[in-house]
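Me: I'm new to this structure and would love a close look at one helix and what surrounds it. Could you walk me through that part in one go?

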Amino acid sequence: MQMRGGTSKGLYFLAEDLPSDPAERDALLLRLMGSPDARQIDGLGGAHPLTSKVAVVSARPDGGVDYLFLQVSVDRALVSDQQNCGNILVGVGPFAVERGLVPAQDGTTEVTIHMINTGSVARALVTTPGGRVSYAGDTEIAGVPGSAAPVVLDYRGTAGSSCGALFPTGNLSDTFAGVEVTCVDNGMPVVVVRAADLGVDGTEEPAALEADAQLCAAVEAIRLEAGAVMGLGEVTDATVPKVCLVSPARDGGAFNTRCFIPKRVHEAIGVFAAASAAVAWQVPGTVASALSGDHTTRDLRVEHPTGHTDLVVETAAESAAGGVPGDDAVLVTGSVRTARKLMDGVAFG
């Protein structure tokens, strides 16, 4: 099934329909997506990292589902499981109901999703009037035209899920490649950098940032140094950590972002990248906490190139008594997103 999940698009599979051997599976996914090729002309990919994604879903004995996210590189023969994806996650609940992995209820159906990549868990509330998934609704999200039915998500165990700690370097701020940063992992390993510290405003279009060779080199230098200290090892060919440039809000939000993912700049922002940056925003002593605004609010509007992402993030940073907050400092992480079924059929490898 091909679905839009949040501001991404990908292929959703039952695990039983793919080869059990990871190497065989990845080779098949590369053929299905048309990688490696910048246009992905011979496959179903959309020639961009945001539209070259895969969800592998299976039923669990406890009534929930397992979800493995795979990022299929566009221009390289590479399939990565080193990160999660909160946008593709949005479609997992509807897909699980459509495929009969979770019985549909009348009104809304709760789907418990175990994220294999990180070991964290999400609860999705899927709109199912009359016991059938409905994609029609009035919920709008920035970066997606029109409206759709809401998928309400709350996340558990996201703090430190990839790196082993909410602040994986053990510090609220570090200096990498001569630039002050904050490394944070609330579902996605992110290196938060003030845009001004890299000589940009933070409101530039993604294409303009990608065309700035000096900026891209500086971002990559930071990412490579940070990745090693965050416990991610040598990250040259890895999809994490992301580097998120933050700047003051322009349109009533908490703060503004431009997120490198890692070579291209996100047209919006990933849900978990936003959730990680939001923790940096709320906790005193980080690079994001130096931006103006109400850092105590739990309802956060994170601005990005095509609008905003609304989150509920609550931290108990004050309990750390001036130290570095632990994973238990994240009390709530949640979002309201939308998904839509685009195609259901047979893909040929």
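Reply: Happy to; what follows is a tour of helix α4, then its surroundings and the cysteines.

First, a word on the source: this is a predicted model, in which local features need pLDDT of at least 70 and side-chain atom pairs count only at pLDDT 80 or more, while totals for chains, interfaces and linings use all residues. Residues are numbered from 1 along each chain as its sequence is written, and side-chain values use heavy atoms, with hydrogens and water left out.

Helix α4 covers residues 213–229; helices (H or I, at least four residues) and strands (E, at least two) are DSSP runs numbered from the N terminus. With 17 residues, α4 reaches 25 Å from its first C-alpha to its last, close to the expected 24 Å, where the expected span is 1.5 Å times one less than the number of residues.

Now look at which way its residues turn. Leu215, Val219, Glu220, Ile222, Arg223, Ala226 and Gly227 are the buried residues of α4. Here buried means under 20% relative accessible area, exposed over 50%, and partly exposed in between, with a 1.4 Å probe and protein chains only. Seen down the axis, these buried residues of α4 fall within an arc of 165 degrees, so they line one face of the helix; the arc is that of the directions from the helix axis to the C-beta atoms. On the face turned away from the buried side sit the exposed Ala213 and Gln214.

What does the buried side of α4 pack against? Its partners are β9 (174–176), β10 (179–185), β11 (189–194), α3 (206–210), β12 (242–248) and β13 (255–260), with contact meaning heavy atoms within 4.5 Å. Just after α4, Gly231 takes a positive phi of about 85 degrees.

Finally, the cysteines. A disulfide is a covalent bond between the sulfur atoms of two cysteines, and here it is counted as a pair of cysteine sulfur atoms within 2.5 Å. By this rule there are zero disulfides. The sulfur of Cys216 lies 13 Å from the closest cysteine sulfur, in Cys259, which is too far for a bond. Cys259 is in no disulfide either, as the nearest cysteine sulfur, that of Cys244, is 4.7 Å away. With a relative accessible area of 1%, Cys259 is buried.
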